[in-house]
Number of protein chains: 2
Amino acid sequence: MAIGQPATAKGRETRERIIRAAAELVAERGVAGTSLDDVCARAHASKSQLYHYFDDRDDLMRAVARAVSDEVVDGQAELFARLDTIGGLRAWMDALVILQQTRQAKGGCPIGSLAGQLAEHDEGARLELADGLDRWETAIREGLERMAARGELDPGADPGALAQNTLAAAQGGLLLTQVRRDPDQLRAALNGALNAILGARAEGSTTFRIHSSLSGDDNNDGYPGPTVT
Amino acid sequence: MAIGQPATAKGRETRERIIRAAAELVAERGVAGTSLDDVCARAHASKSQLYHYFDDRDDLMRAVARAVSDEVVDGQAELFARLDTIGGLRAWMDALVILQQTRQAKGGCPIGSLAGQLAEHDEGARLELADGLDRWETAIREGLERMAARGELDPGADPGALAQNTLAAAQGGLLLTQVRRDPDQLRAALNGALNAILGARAEGSTTFRIHSSLSGDDNNDGYPGPTVT
DNA sequence: AGGTAAATGGACCAGATAGTCCATCCCGAT
DNA sequence: ATCGGGATGGACTATCTGGTCCATTTACCT
């Protein structure tokens, strides 16, 4: 049985180093392509250290799932804080698209990608990833709720449903982006989610056209996309 | 080097049997959890047969990716044929949700799931999966185009964008369904996509409320979901 | 300082796995 | 029938990988 949490500062450092190395390798080569020997080598650690802090391979991958979830969610914290305005929503979406562009559409969403590799194999890992998605969706929902509290959303609008929808669009868009190696797939999907939110704005808050195309550039309420190439 | 296509009927049969066995095992245990010995055992074949028809493991997995793509797309053919009406769209979405319910939300989309496991590892497999998604999206787009041709969609509506959006919603919804073990996630995501299509209907074709909630049951144009439990 | 628990080094093992090899068998064409 | 190539059987190997073990060192507390 492995130690729960390291007792010393040095121990915590080693544990973290191992998780980080494992997460990097998993991102590069996938779960299956990552061996414990590889992890040890990159972390400058020995097998005994790895098994001192983790029960087995699955336990390590669970820790990786948690670390990845934390990184994805925490990494968007500043953007999440501004999700209570249309501009903030656009900024968040832009950031996601730009990130995919810089990554050349490789890898997809770290959480979504791990899901396909771990969800059916290890229940604990599945729950870690579900927790990450929950925190993500919660951030979106709370932003929309703040908009609603300011009266900017139609009273009949459901921030929870809109947030769920937006997260699904992000995940689906990221998957299409990964498989097609085309960041535009994410942009288009998020565009659709944004239009759903725009359609739920309170009447009179801003004028907009009802039957607008989802992607037409002549649509003021459409999502023009980031300008980075 | 492996034979391209088997020369005899018996050979074709064997090759197919191997692919089917591999696809089944991959669906059950994932790519990483499937060994070639397992595949041989289930296919009642020997190693020499496997290596007679495939170059190596990656080559086999590429064939699996193609077979899975075909199965997913061909398996929806009858539903695809009716995607040119709102009722047909609903029927297709219902079928997807019901399928997830019967599978207890396990596995997600076969194509999407394979994507996370193969896309970054093997370019050929990625292309096979991309092709499957393309055929899927094409089916949706052509349905919407038939609606547009009948004048049931707003002239400004973009069937291509709506189809892309719908596919992204399906994939995102399937991923959320898998991670959260909740088929409702798919229903909600498809609901959003359907609302986008409903919003693009030609004016006057049917009355509908503009600022409707995405999931409210009091919304006649919303997507009530299948009644199966 | 000294003792105790935590942390580390690294050899070692058993099982699994991808891939090889060659002898044999089957079947259709001549 | 027979002959040649495709199809098959299945043993074999080299390597990799998860996991174990124990001796040794280091860090923390009193």
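## A loop residue to start from

A:Arg82 sits in the loop that links helix H5 (77-81) to helix H6 (86-102) of chain A. This is a predicted model, and the positions described here should be read as such. Is A:Arg82 exposed, partly exposed or buried? It counts as partly exposed, because 14 C-beta neighbours fall inside 10 Å of A:Arg82.

Once its neighbours within four places in sequence are set aside, A:Arg82 is in contact with A:Gly88 and A:Ala91. There is also a partner from farther along the chain to look at: A:Ile140 is 58 residues away in sequence, and its C-alpha atom is 9.6 Å from that of A:Arg82.

## A second loop residue

Moving along chain A, A:Arg150 is found in the loop between H8 and H9. A:Arg150 counts as exposed, because it has 12 C-beta neighbours inside 10 Å, and a residue with 12 or fewer falls in that class.

For a sense of distance, try A:Arg150 and A:Val64 in your viewer. They are 86 residues apart along the chain, and 39 Å separates their C-alpha atoms.

## Chain A as a whole

What is the secondary structure of chain A made of? The count is 10 helices and 0 strands, so the pattern read along the sequence is simply α-α-α-α-α-α-α-α-α-α. Chain A has 229 residues, and 46% of them are buried.

Sequence separation adds to this picture. Among the contacts in chain A with a separation of 6 or more, 63% are between residues 24 or more positions apart.

## Two helices of chain B

H1(B) is a good helix to follow by eye. Its 21 residues should span 30 Å at 1.5 Å a residue, and the C-alpha atoms at its ends are indeed 30 Å apart, so expectation and model agree. The buried residues of H1(B) include B:Ile18, B:Ile19, B:Ala22, B:Leu25 and B:Val26. B:Thr14 and B:Arg15 are also among the buried residues of this helix. Which elements do the buried residues of H1(B) pack against? They pack against H2, H3 and helix H4 (57-74) of chain B. After H1(B) comes B:Gly30, which has a positive phi near 85°.

Helix H10 (residues 184-199) of chain B can be checked in the same way: its 16 residues should span 22 Å at 1.5 Å a residue, and its end C-alpha atoms lie 22 Å apart, in agreement. H10(B) is largely enclosed by the rest of the structure, because 14 of its 16 residues are buried.

## Where the two chains meet

Chain A gives 53 residues to the contact between the chains, and chain B gives 54 residues. On the chain A side, the elements that supply two or more residues are helix H7 (110-118), helix H8 (123-149), helix H9 (159-180) and helix H10 (184-198). H9(A) provides the largest share, with 16 residues. By class, this side of chain A holds 23 nonpolar, 23 polar and 7 charged residues.

How are the two copies related? A turn of 180° with a shift of 0.0 Å along the axis lays chain A on chain B with an RMSD of 0.1 Å. The copies are therefore related as by a two-fold rotation axis. The same surface serves both copies, since 100% of the contact residues of chain A recur in chain B. To find the axis, look for A:Gly172, which comes closest to it of the residues of chain A, with its C-alpha at 1.9 Å.

## Around the DNA

DNA strand C is surrounded by 21 residues, and the closest are A:Pro6, A:Gly11, A:Ser48, B:Leu36 and B:Arg57. Two or more residues each come from helix H1 (9-29) and helix H3 (47-53) of chain A, and from helix H2 (36-43) and helix H3 (47-53) of chain B. The largest share, 4 residues, belongs to H3(A). This surface has 6 nonpolar, 9 polar and 6 charged residues.

Around DNA strand D there are 24 residues, with A:Leu36, A:Asp56, A:Arg57, B:Gly11 and B:Ser48 the nearest. At least two residues each come from H1, helix H2 (36-43) and H3 of chain A, and from helix H1 (9-29) and H3 of chain B. H3(B) makes the largest contribution here, 4 residues. The residues near DNA strand D comprise 7 nonpolar, 10 polar and 7 charged.

Terms used. Residues are numbered from 1 along each chain as its sequence is written. Chains are lettered from A and ligands numbered from 1 in the order in which they are written. This is a predicted model: local features need pLDDT of at least 70, side-chain atom pairs count only at pLDDT 80 or more; totals for chains, interfaces and linings use all residues. Two residues are in contact if their C-beta atoms, placed from the backbone, lie within 7 Å. Ala, Val, Leu, Ile, Met, Phe, Trp, Tyr, Cys and Pro count as nonpolar, Asp, Glu, Lys and Arg as charged, and the others, Gly among them, as polar. A residue is near a molecule or strand if its C-beta atom, placed from the backbone, lies within 6 Å of it. Copies are superposed by least squares on the C-alpha atoms of residues with pLDDT of at least 70 in both. A residue is buried if 20 or more other C-beta atoms lie within 10 Å of its own, exposed if 12 or fewer, and partly exposed in between; C-beta atoms are placed from the backbone. The expected span of a helix is 1.5 Å times one less than its number of residues.
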